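Dear colleague, here are my notes on the structure that you are opening for the first time. Please read them with the sequence and the model side by side.

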Amino acid sequence: MTAFQRATVQGDTRTLPGHYYTSAGILQQEMQRIFYQQWLCVGREEQISEPGDYFLVTIGQESIIVLRDRAGQPRAFFNVCRHRGTRLCTQEQGHFTGPIQCPYHAWTYGLDGQLTAARLMQEVLDFDKRDYPLYPAALASWEGFLFLNLAPEPEPFHEAFAPLIDKFTAWGIPELRVARRIEYDVQANWKLIFENYSECYHCPLVHPALDRLSHSQSGRNDLIEGPFLGGYMTMNRPGTSLTTTGQRLRAPISTLPEAEFDRVYYYTIFPSLLFSPHSDCVMAHRILPQSCDRTRIVCEWLFTPEAMAQPGFDPSDVVDFWDLTNRQDWKVSELTQLGVNSRAYTPGPLAHQEGLIDAFDRHYLRLMGH
């Protein structure tokens, strides 16, 4: 097990050149080499709690149907009819009461993806419905989160996520439920979002309320290289929490050891998830680039069913605190996006507190082949 340690940089470590944040050509490379090849967090299993439930995911030019089949198995299929390529579904989420039917020529598919009806195609020589199932996409579940991989032969999920598989068992995250969701449209490159989340060098200036509760230099990291990076920060006073009042209004998750009560964890899960287990809830940001200078962020706050069942349950003390903190981060990320567009921008040196940015950039550049 890796010991927790302070972030550091080695030697003259600098930020990425500006074109990595501003070039549409770089984004096209990222889609091909990263977002169409890596495991991406696309939602929670609770979004498809019943057989027939589905939602759509857009990744670059691809639309994917994520559903739960009649046997209760989560599945994912490209949203493309095998006849002439028509998009099958247009509603962002819903429920299939019957099969999936193409709106163009009524080719019909079961929720297992098999073609069950193709009108008049029995007249075509050698046509066999078994040859034309929907194209599947790899789907995996981890801690109740659904991960999608569009690669033709993806790395097995249990191998790719080996460092994380059992890391957060004590939080009982598969049983947690989303109490609140906020979507953000941020005018900044997706990497700036990851890099901002990876350091608290900026916290005393940008997040004074956060720094009063959890000191910016309390961070210690156990994952310091590769696709998963991060660790914990500590509360300044025992028994407090990251809320608008600084008080912890709910009991810690019952399965957590007491040593975790005054820690908040922050991990980047490349390339699509910012993951933050607290003592009484979990916060997760799903990240997906929309253009080289625009990022869609879906932030969700998860609590135990027991906490949510309490009379008067209201997560606003947590959500409002983090919504303010998020918006502070998005503002400085947008200012950075404006700055890296300048002809005057050159890569700047990183402080030791920004050591995880250095690790993020190294992993990113390896995948890009740069």
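1. A place to begin is tyrosine 267, and this is a predicted model, so every value below is computed from it. Tyrosine 267 stands opposite phenylalanine 275 in β15, while on the β13 side glycine 230 stands opposite tyrosine 267 in β14. Reading these two pairings together places tyrosine 267 of β14 across from glycine 230 and also across from phenylalanine 275 of β15.

2. The strands around that residue can be followed one at a time. Strand β13, residues 228-234, pairs with β14 in the antiparallel sense, and seven bridges hold this pairing. On to β15, residues 273-277, the pairing of β14 is again described as antiparallel, here with three bridges. Strand β14 itself covers residues 263-269, and six of its seven residues are buried, so that the strand is mostly covered.

3. The connection between β14 and β15 deserves a careful look, as a hairpin of three residues joins the two strands. Proline 271 lies in this loop between β14 and β15, and the peptide bond that joins phenylalanine 270 to proline 271 is cis, with omega at about 0°.

4. Which residues does glycine 231 contact, once its neighbours within four places in sequence are left aside? They are Phe4, Arg220, Asn221, Asp222, Val264, Tyr265, Tyr266 and Tyr267, and the list therefore includes the tyrosine from which these notes set out. Glycine 231 has its place in strand β13, and it counts as buried because its relative accessibility is 2%, where the cut-off for buried is under 20%. Its C-alpha atom is separated by 9.8 Å from that of serine 198, a residue 33 places away along the chain.

5. Another residue to inspect is alanine 140, which is found in strand β9, residues 138-142. With a relative accessibility of 14%, alanine 140 also counts as buried. Apart from neighbours within four places in sequence, alanine 140 is in contact with Trp39, Phe145, Leu146, Phe147 and Phe157. The C-alpha atoms of alanine 140 and methionine 233 are separated by 29 Å, and the two residues are 93 apart along the chain.

6. A further sheet can be found in the order β6-β7-β8, where three strands form an open sheet with antiparallel pairing. Strands β6 (100-101) and β8 (115-117) stand at the edges with a single partner strand each, so one side of each is left without a neighbour in the sheet. Strand β7, residues 108-109, is joined to β8 by two bridges and runs antiparallel to it; within this pairing, alanine 117 in β8 is the bridge partner of threonine 108.

7. Two backbone angles in the loops should be checked by eye. Alanine 106, in the loop between β6 and β7, has a positive phi of about 65° although it is not a glycine, and with a relative accessible area of 26% alanine 106 is partly exposed. Leucine 120 is found in the loop between β8 and β9, and its phi is likewise positive, near 65°, in a residue other than glycine. Is leucine 120 buried or exposed? The answer lies in between, because its relative accessible area is 46% and leucine 120 is therefore partly exposed.

8. Stepping back to the whole chain, one finds nine helices and 17 strands. The C-alpha atoms fill a box of roughly 75 × 55 × 35 Å along the principal axes. For 370 residues, a compact globule would have a radius of gyration near 21 Å, and the 22 Å of the chain agrees with this. Buried residues account for 51% of the 370 residues. Of the contacts between residues at least 6 apart in sequence, 67% join residues at least 24 apart.

9. Finally, for the surface and the charges: the chain exposes about 17,200 Å², of which carbon and sulfur atoms supply 50%. The chain carries 32 positive and 43 negative charges, and the mean positions of these two groups are 3 Å apart.

Conventions
Residues numbered from 1 in each chain as written. Predicted model: local features only at pLDDT ≥ 70, side-chain atom pairs only at ≥ 80, totals over all residues. Heavy atoms only, no water. Buried < 20%, exposed > 50% of the residue type's maximum accessible area, 1.4 Å probe, protein only. Helix = DSSP H or I, 4+ residues; strand = E, 2+ residues; numbered from the N terminus. Pairing = 2+ DSSP bridges. Rg over C-alpha atoms; globule rule 2.2 N^0.38 Å. Contact = heavy atoms within 4.5 Å. Areas by Shrake-Rupley, 256 points an atom, 1.4 Å probe, with all protein chains shown as cover. Lys, Arg positive; Asp, Glu negative; His and termini not counted. Charge placed at Lys NZ, Arg CZ, Asp CG, Glu CD.
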